[in-house]
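I opened my notebook to go through the cysteines and their surroundings. These are my entries, in the order I looked things up.

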Amino acid sequence: MGLCHIADNMSLRAYAEASQTKVTVKKGDTVYGICQSLGLDYNICKNTIMRLNGMEKESELNSIKVGSTLIFPASSRDCVESGKSGDD
């Protein structure tokens, strides 16, 4: 692996981390509510949030645990809408 390839991987990782926000879940939090507080469109970002947090089903978005850390995209522009829900 060349130095340029390593630098490219580091740049991609740094960009990915910079375009994400980590949130510690508090009592009463919902993914929808966290999206609202971060200015994210839940419907556009839910599939990206699931992917970032290793969730396989959309129903997992409704069973977040207090104290856990969730990763959210930094903006709705960073979300990829797949056109299907996680439960399909």
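The entries below cover the cysteines, one helix and one loop residue.

**Entry 1: the disulfide**

I am working from a predicted model. I searched the whole structure for disulfides and found one. It joins cysteine 45 to cysteine 79, with an S to S distance of 2.1 Å. I then asked where the two partners sit along the chain. Cysteine 45 belongs to helix α3, residues 42-52. Cysteine 79 is in the segment after β2, which spans 69-73. The partners are 34 residues apart, and the pair links distant parts of the chain.

Next I looked up the handedness. The torsion about the S-S bond of cysteine 45 and cysteine 79 is about 95 degrees, so I noted the disulfide as right-handed.

Are the two cysteines buried or exposed? I checked each against the cut-off, which puts buried at under 20% relative accessible area. Cysteine 45 has a relative accessible area of 0%, so it counts as buried. Cysteine 79 has 11%, so it is buried as well.

**Entry 2: the unpaired cysteine**

I turned to cysteine 35. It is in no disulfide. The nearest cysteine sulfur is that of cysteine 45, 6.1 Å away. A disulfide needs the sulfurs within 2.5 Å, so a pair at that distance does not qualify. Cysteine 35 is buried too, with a relative accessible area of 0%.

**Entry 3: helix α2**

Which residues of helix α2 are buried? In this helix, residues 31-38, I listed Val31, Ile34 and Cys35. I looked down the axis of α2. The buried residues fall within an arc of 105 degrees, so they line one face of the helix.

I also looked at the face turned away from that buried side. There α2 carries the exposed residues Gln36 and Ser37.

What covers the buried residues of α2? The cover includes β1 (20-24), α3 and β2.

I went on to the residue just after α2. Glycine 39 takes a positive phi there, of about 75 degrees.

**Entry 4: asparagine 53**

Last, I looked up asparagine 53. It lies in the loop between α3 and β2. I left aside its neighbours within four places in sequence and listed what else it is in contact with. The contacts are Thr69, Leu70 and Ile71.

I also checked a backbone distance. The C-alpha atoms of asparagine 53 and isoleucine 71 are separated by 6.2 Å. Along the chain these two residues are 18 residues apart.

Note on methods
Residues numbered from 1 in each chain as written. Predicted model: local features only at pLDDT ≥ 70, side-chain atom pairs only at ≥ 80, totals over all residues. Heavy atoms only, no water. Helix = DSSP H or I, 4+ residues; strand = E, 2+ residues; numbered from the N terminus. Buried < 20%, exposed > 50% of the residue type's maximum accessible area, 1.4 Å probe, protein only. Arc of directions from axis to C-beta. Contact = heavy atoms within 4.5 Å.
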